[in-house]
Each structure stands twice: as structure tokens, then as C-alpha cells.
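User: I am a first-year student, and I would like a close look at a single helix of this model, together with whatever surrounds it. Please take me through it slowly.

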Amino acid sequence: MVPSSYYLMLSAVLFGLGVVAFVFKRNIITIFMSIELMLNAVNLAFVTFSRHLGNLNGQVFVFFVIVVAAAEAAVGLAIIILIAKHRQSLNVERVDLLKL
Amino acid sequence: MSAQIIMFFILAGVAVLGAVSLIVQRHPIRSALSLIVVMVSLAGLYLLQGAEFVAAIQIIVYAGAIMVLFVFVIMLLNAGEEERTNVSGMARYVGLPLSFFLLLQLAWWVGRGTSGMATPASSSPAMTRELSKLLFTDFLLPFELTSILILVAILGAVVLAKREN
């Protein structure tokens with residue numbers, strides 16, 4: 001069996017890469033995707049702890065995280081389409097006013 | 001080295017490469033495809049940990065539904081290459097090394113803090129059955145609440161999409 005620490009290290013690395021992408025990317029869709037990457041890293045940690053502690057609650061939480069991510073993607077992408085229509089650009093640096 | 005450890009390193013390497021590719025690629029559609037690679041290899045890691053149900057919904061919901069939505073929106077908006085903006089030299093030469101340092105340190109401390117953890121017992125075969133029992137007993141209220149959340153999300157997306165200018 002693979003030790004739990006390996007999985008947790010991979011989870012930390014993926015989360016860190018998600019943060020790097022979130023900070024450095026300029027395209028609003030890519031920034032949104034980096035949030036999904038961070039959610040995935042957290043899911044991996046949940047599943048690892050669920051296996052480690054012999055308790056299935058962690059996997060139930062992963063289920064809920066995935067449901068929330070799906071809802072978030074639906075609403076967020078609708079907002080992104082509106083922003084792209086109004087600003088004619090997907091660059092976040094052009095989206096610096098709250099008014100749509 | 002057992003077959004499982006080799007499998008773990010292959011899947012973990014693919015996942016990390018996909019995440020790096022997400023950052024490096026300048027075209028959003030390539031970033032989206034890299035993210036799909038990360039999600040599929042994570043599904044493999046869930047299978048390796050004996051979480052079959054989570055692996056299945058990872059593929060069906062994440063790679064299947066959410067990423068298709070992303071790709072669809074990228075194509076709908078005809079998103080081109082990311083514009084190069086003049087990032088300040090401070091951000092490039094100090095920020096980037098510092099963020100990678102933070103990443104490595106996070107991984108190091110997590111690994112150090114958990115290296116004493118014993119290798120857990122192998123998973124039971126009837127995990128999905130236990131999971132669904134848990135979902136419909138202990139977590140019944142949150143489970144039902146997620147249906148309201150999804151309903152609200154559908155309504156929100158429709159209202160936003162239909163708004164006339």
C-alpha cells in the first residue's frame with residue numbers, strides 16, 4: 001500500500017500549483033479552472049484521510065464538494081459570458097469596475 | 001517497490017505535469033485539456049485508494065460535465081491566446097521563486113508531519129454500499145439541501161444567460 005503521506009504531499013503540490021495559476025494567469029476562464037484544480041487537490045486530501053482513518057465521512061464530503069463545484073461552474077461561467085459580452089475581453093485586468 | 005507504488009508515481013507525475021501545463025499554456029483550450037488530464041489521473045489515484053464511487057463521479061461529473069461546460073464556453077466566446085501584460089519585475093523575479101518555495105515547503109511539512117503515519121489497512125470491497133448508506137442516513141439533510149443548491153444554480157444560470165441588454 002502507498003503511504004498516506006505521499007498522497008498528502010501530492011495534494012499539497014497540486015494545491016500550490018493551483019494557487020500559482022490563480023495568481024499568474026490573466027485569462028478569466030483559466031483563473032476559474034485553477035480554482036477547480038485547488039478543489040481537486042482538497043478532494044484528494046479528503047479521500048486520503050478517509051482511507052487513513054477508516055471512516056467514510058471524507059468520501060461523503062468529496063461528493064458534496066463535487067456538487068458545489070458543479071453549481072459554481074454553472075453560475076460562474078454564466079457570469080463570465082456576461083462579462084465577456086460587456087467588456088469584449090477575457091483579460092481580468094480589463095475587468096476593474098464593478099458595474100457590468 | 002510494489003506495483004501500487006509504481007502506479008502511484010506514474011499517476012502523480014502525470015497529475016503534476018498536467019497542473020504545470022495548465023500554468024504554462026497560454027491558450028485557454030490547452031489549459032482546459034491539461035486540467036482534464038489532471039482530473040483523470042486523480043480518478044486513477046482514487047481507484048488506487050479503493051474509492052471507486054468517488055473515482056466514477058470524478059470522471060462523470062468533473063471530466064465529463066464541468067470540463068465540457070468549460071470547453072463549451074471557451075469555444076462560444078472564441079477565446080484566443082492570453083494577452084501578455086507587463087508583469088512587474090518584482091512579481092516575476094521575486095514572486096515566482098517565493099511561491100514555488102512556499103509550495104515545496106508546504107509539501108515538505110505535510111510529508112514530515114505525516115511520515116509517522118502507519119500504512120492503512122486495505123479497503124473493504126463493499127465501500128460504495130457503505131457510502132450510500134451513510135449518504136442516506138447521517139448525511140440525509142445535507143444531501144437533500146444539495147438538490148436545492150443545484151436548483152438555485154440552474155435558475156441563476158438561466159436568469160444570467162437570458163438577461164437582455
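**A close look at one helix of chain B**

Analyst: Of the 165 residues that make up chain B, 23% count as buried, and since the model is predicted, every statement here describes a prediction. Before turning to the helix, it helps to set out the chain that holds it. Chain B has six helices and zero strands, so that, read from the N terminus on, its elements run α-α-α-α-α-α. Among the contacts in chain B between residues at least 6 apart in sequence, 55% join residues at least 24 apart. The chain is divided into domain 1, residues 1-81, and domain 2, residues 126-165, and 23 Å separate the centres of these two domains of chain B, taken over C-alpha atoms.

The part to look at closely is helix H3 of chain B, which covers residues 52-76. This helix has 25 residues and reaches 34 Å from its first C-alpha to its last, which is close to the 36 Å expected at 1.5 Å a residue. Even so, H3(B) bends by about 30 degrees at Met67(B), and Met67(B) is also one of the buried residues of the helix. Just after H3(B), Asn78(B) takes a positive phi of about 55 degrees.

Which residues of H3(B) are buried? Towards the start of the list stand Phe53(B), Val54(B), Ala55(B), Ile57(B) and Gln58(B), and further along come Tyr62(B), Ile66(B), Met67(B), Phe70(B), Val73(B) and Ile74(B). When reading such a list, it is useful to remember that an α-helix has 3.6 residues a turn, so residues three or four places apart point the same way.

What covers these buried residues includes elements from both chains: H2 and H3 of chain A, together with helix H2 (28-48) and helix H5 (127-136) of chain B. The surroundings of H3(B) therefore lead on to the interface, where 59 residues of chain A are in contact with 69 residues of chain B. On the side of chain A that touches chain B, the elements giving two or more residues are helix H1 (4-24), helix H2 (28-53) and helix H3 (57-87) of chain A. Of these, H3(A) gives the most, with 21 residues, and by class this side of chain A has 43 nonpolar, 12 polar and four charged residues.

A last point concerns confidence in the partner chain. Chain A averages a pLDDT of 88, with 98% of the residues scoring at least 70, and within chain A confidence is lowest in H1(A), at a mean of 89, and highest in H2(A), at 93.

How values were computed. Residues are numbered from 1 along each chain as its sequence is written. Chains are lettered from A and ligands numbered from 1 in the order in which they are written. This is a predicted model: local features need pLDDT of at least 70, side-chain atom pairs count only at pLDDT 80 or more; totals for chains, interfaces and linings use all residues. Two residues are in contact if their C-beta atoms, placed from the backbone, lie within 7 Å. Helices (H or I, at least four residues) and strands (E, at least two) are DSSP runs, numbered from the N terminus. Ala, Val, Leu, Ile, Met, Phe, Trp, Tyr, Cys and Pro count as nonpolar, Asp, Glu, Lys and Arg as charged, and the others, Gly among them, as polar. pLDDT is the predictor's confidence in each residue, from 0 to 100. Domain bounds come from an automatic or database domain assignment. The expected span of a helix is 1.5 Å times one less than its number of residues. The bend at a residue is the angle between axes fitted to the seven residues ending there and the seven starting there. A residue is buried if 20 or more other C-beta atoms lie within 10 Å of its own, exposed if 12 or fewer, and partly exposed in between; C-beta atoms are placed from the backbone.
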